[in-house]
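Biologist: I should like to understand how the parts of this protein are packed together. Could we go through the model by question and answer?

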Amino acid sequence: MSEISVFDVMGPNMIGPSSSHTAGALRIALLASRLAKGRILHAKFVLYGSFARTYHGHGTDRALVGGILGYNTDDERIRDSFEYAKEAGVTYEFIENFTNKDVHPNTVDIELTCEGQHVVTVRGESIGGGNAVIRKLNGIDIHINGASPIVLVKHWDRKGALAYMTKVLSDSDLNIAALNLYREGKGKIAYAIAELDGKVSSEVLKKLDDYPDNILTIYIPALL
């Protein structure tokens, strides 16, 4: 009988032995990579709970690196993600945190350093069945699961910013399925996140970028 690797396909659209520890972890990292600005140079992963205890055996480490490289859950390259990261010039580190227990058992904090010293921090949870949720972005509580196409606008919390965003989307015949606003505080940095029923063109993103109070516009297609 031939030996079976822990990264053999165990189910549809998934490589790895655990939907929570491999597929879910990869989706967190993939979403984090799409929230980053510019080419990723270094990734720091802080693992909590069962992630910290089992990440070697369940392939969570390779899945996280694969997600940062942009792989989907069924990508054969996940098995060799460490090698592909080296080829791409992406470094990474894993830190186990057994002190903070007031988190979901499958939680990872990801800090991505990109070209230009741009840094983005994300907290994600693998919630079972290969599904994942981003709970924090740069220290602000948010909720992103990647089930629908998303436009995220980082902006100053000032009058008119949200109205401008919704008008641009409406004028482009894009239906908003859900819209949420998260902010550091009144007048400070805020994130407007619109879940949409359709794809977003580069022209729409440019219009959003052109608004004076908008700092950054990111489009995240729905995850497979």
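Modeller: Let us begin with a definition: two rings of Phe, Tyr or Trp form a pair if their centres lie within 6.5 Å. Please keep in mind that this is a predicted model.

Biologist: Which residues do ring pairs link into a cluster?

Modeller: By the rule just given, the count comes to seven aromatic pairs. Some residues are joined to one another through such pairs, and they form a cluster. The members of this cluster are Phe-45, Tyr-55, Phe-82, Tyr-92 and Phe-94.

Biologist: Are the rings of Phe-45 and Phe-94 stacked or edge-to-face?

Modeller: Planes under 30 degrees apart count as stacked, and those over 60 as edge-to-face. The ring centres of Phe-45 and Phe-94 are 5.1 Å apart and the planes are at 20 degrees, so this pair is stacked.

Biologist: How many residues apart along the chain are Phe-45 and Phe-94?

Modeller: Phe-45 belongs to strand S3 (residues 40-48), while Phe-94 belongs to strand S4. The pair therefore links distant parts of the chain, and the separation is 49 residues.

Biologist: Is Phe-45 buried or exposed?

Modeller: A residue is buried when its relative accessible area is under 20%. Phe-45 has a relative accessibility of 0%, so it counts as buried.

Biologist: What kind of pair do Tyr-71 and Tyr-84 form?

Modeller: Tyr-71 lies in the loop between H3 and H4, and Tyr-84 lies in helix H4, so the pair ties together parts that are 13 residues apart in sequence. The ring centres of Tyr-71 and Tyr-84 are 6.3 Å apart. Their planes stand at 90 degrees, so the pair is edge-to-face.

Biologist: Why are the buried residues of H4 on the same side of the helix?

Modeller: Helix H4 (residues 81-88) has Ser-81, Phe-82 and Ala-85 as its buried residues. They are on the same side of H4 because they cover, around the axis, an arc of only 105 degrees.

Biologist: Which residues are exposed on the other side of H4?

Modeller: The buried residues of H4 are covered by elements that include helix H3 (60-68) and strand S4 (91-97). On the other side of H4, the exposed residues are Lys-86 and Glu-87.

Biologist: Which residue has its charged end over the ring of Phe-82?

Modeller: Phe-82 is one of the buried residues of H4. A charged end sits over its ring, 4.4 Å from the ring centre. That charged end belongs to Arg-62.

Biologist: In what order do the four strands of the open sheet lie?

Modeller: Strands of a sheet pair through backbone hydrogen bonds, either parallel or antiparallel. In this open sheet the pairing is antiparallel. Strand S10 (176-183) and strand S12 (214-220) each pair on one side only, so they are the edge strands. The order is S10-S11-S9-S12.

Biologist: What is the bridge partner of Lys-154 in S11?

Modeller: Strand S9 (residues 150-156) and strand S11 (residues 189-196) pair in the antiparallel sense over seven bridges. In S11, the partner of Lys-154 is Tyr-191.

Biologist: Which helix packs on the sheet, touching S9, S10 and S11?

Modeller: The direction of this helix makes about 25 degrees with that of S11. The helix spans residues 161-171 and is H5.

Notes. Residues are numbered from 1 along each chain as its sequence is written. This is a predicted model: local features need pLDDT of at least 70, side-chain atom pairs count only at pLDDT 80 or more; totals for chains, interfaces and linings use all residues. Side-chain values use heavy atoms; hydrogens and water are left out. Buried means under 20% relative accessible area, exposed over 50%, partly exposed in between (1.4 Å probe, protein chains only). Helices (H or I, at least four residues) and strands (E, at least two) are DSSP runs, numbered from the N terminus. The arc is that of the directions from the helix axis to the C-beta atoms. Contact means heavy atoms within 4.5 Å. Rings of Phe, Tyr and Trp (its six-membered ring) pair if their centres lie within 6.5 Å; planes under 30 degrees apart count as stacked, over 60 as edge-to-face and the rest as tilted. A charge sits over a ring if NZ of Lys or CZ of Arg is within 6 Å of the ring centre and within 35 degrees of the ring normal. Two strands pair if DSSP finds at least two bridges between them. Axes are lines fitted to C-alpha atoms, for helices over the stretch in contact, and angles run from 0 to 180 degrees between N-to-C directions.
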